[in-house]
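Me: I'm new to this one and would like to go through a few of its charged residues with you. Could you take it slowly?

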Amino acid sequence: MNNPRPRWLWCLSLICASLAACTTASLTPHRICSTPQARPWSLLGEIRWPHEQLFAGTPVGGLSSIDYDAGSRLYYLVSDDRVAHGPARFYTARIDYDASGLHQVRLHDARPLLSPAQAPYPSHRQPLPGIATPDAEALRVLPGGQSLIWSSEGDFARGFGPQLLQSGTDGRWQREWPLPPELRLPARKSEGPRSNLTLEGLALSQDGKTLWLAMEAALRQDGPLPTPGQAGGPVRITAYDMGTQQPRRQLAYQPDAMPADLWLQRGAINGISAVLADDAEHLLVLERSFAPPLRFGARIYRISTRADASSDTLGQSRLVPGSYRPADKELLLDLADAGLRSVDNLEGMSWGPLLPDGRRVLLLVSDNNFNPAEVTQFVALSEEHGRCGAGL
């Protein structure tokens, strides 16, 4: 999502602009373990790009997702640029790391996402009838490596709701996937998704048979947004059958309350910014919080996707407390404890190739909102073989 803070806060946040001056950071390896059951994580490294980073003649920014395609050995990164700084687009990249650290992120190509007319999407300043200006937030490469599935948060001002779309890896539009009725733009403003808080996360199951689609925040009828000391309403995560491209079940996820010290911060939010398959029966959920003028937080949780682990909320127009069972969540990592110089607006999450010794690598990317006081941040974490214990 784009930060909801008003533009005047950008000026205030320029006091942090020095953060954007450094493209890499030399970091001491850090081991993190948030629960006794979780494996410890080591910080491989962090790379930062400044606001003025350019590629193919356009600013590099708004990176809202990351996904690795093993067939091409490329990473896919979607920008949520609403045709303001360049066309609606995604990038391909190569990322170099090993057990000694994260060494380089190199953009390989920039490709426009095309509308159903097989033309670049129009700007909101020069709209075309019947075509929404997209706000791309999540992207995954589909099995086979020839197609992409991506989400747009919608063009609410022009009457377009959120969309789940499929394109070729060349950017050409292929089809739109159906959304459950409760996730579509409703006739009444007291119900349905909130603008800029809609389809934020996508994950593919390990067997390629299930697609998980996560909202960022609760539907209006499901409850309020989180506030300091109050978790707010549940967030819906929908499972799609990849064969039929139809929703088949849904679970409810309870986001954290905002920190208590933010009680005076108007515009503070917390919600889901990315999801990722962990194994055959679990998802990782990245919760990202923001408070003006420039305070971000991010935590990674693990939830079960087993049908008996939570209620199926698909088709329920309203989630009333006590009428459903939310997914249990286990904290794996608070990024504030990861040894980073700072936590920026982290929105994308992907597994990368295993290290030579078999350890998994988790990659994160941040959306700089095209704000000179923010950075594009790449973070690499390696999962350790050992368990947390005394002395670690």
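Me: Let's start with Arg106: how does it count in terms of exposure, and at what relative accessibility?

Reply: Keeping in mind that this is a predicted model, Arg106 counts as partly exposed, because its relative accessibility is 37%, and that lies between the 20% under which a residue is buried and the 50% over which it is exposed.

Me: And which residue does Arg106 form a salt bridge with?

Reply: The partner is Asp96, and the closest N and O atoms of the two are 3.3 Å apart. The pair links distant parts of the chain, since Asp96 belongs to strand 8 (residues 89-98) while Arg106 belongs to strand 9 (residues 101-112), and the two are 10 residues apart.

Me: What about Asp96, how accessible is that one?

Reply: Asp96 has a relative accessibility of 30% and therefore counts as partly exposed.

Me: Switching topic, are Glu46 and Arg48 buried or exposed?

Reply: Both Glu46 and Arg48 are buried, and their side chains meet in a salt bridge with an N to O distance of 2.5 Å.

Me: How many salt bridges does the structure hold?

Reply: There are 25 salt bridges in the structure, and one of them joins the side chains of Arg302 and Asp279 at 2.8 Å, N to O. Arg302 sits in strand 20 (residues 295-304) and Asp279 in strand 18, so this pair ties together parts that are 23 residues apart in sequence.

Me: Why do Arg302 and Asp279 count as partly exposed?

Reply: Arg302 counts as partly exposed because its relative accessibility is 22%, and Asp279 does so because its own value is 26%.

Me: Do go on with Asp279: where does it lie, and what is it in contact with beyond its neighbours within four places in sequence?

Reply: Asp279 lies in strand 18, which covers residues 269-279, and, leaving aside those neighbours, Asp279 is in contact with Gln206 and Arg302. The C-alpha atoms of Asp279 and Ser205 are separated by 7.7 Å, although these residues are 74 residues apart along the chain.

Me: Which backbone nitrogens does the side chain of Asp279 pair up with?

Reply: The side chain of Asp279 reaches the backbone nitrogen of Glu281 at 2.9 Å, and a polar atom of that side chain also lies 2.9 Å from the backbone nitrogen of His282.

Methods: Residues numbered from 1 in each chain as written. Predicted model: local features only at pLDDT ≥ 70, side-chain atom pairs only at ≥ 80, totals over all residues. Heavy atoms only, no water. Contact = heavy atoms within 4.5 Å. Polar contact = N/O pair within 3.5 Å; in protein donor to acceptor, adjacent residues only side chain to side chain. Salt bridge = Lys/Arg side-chain N within 4 Å of Asp/Glu carboxyl O. Buried < 20%, exposed > 50% of the residue type's maximum accessible area, 1.4 Å probe, protein only.
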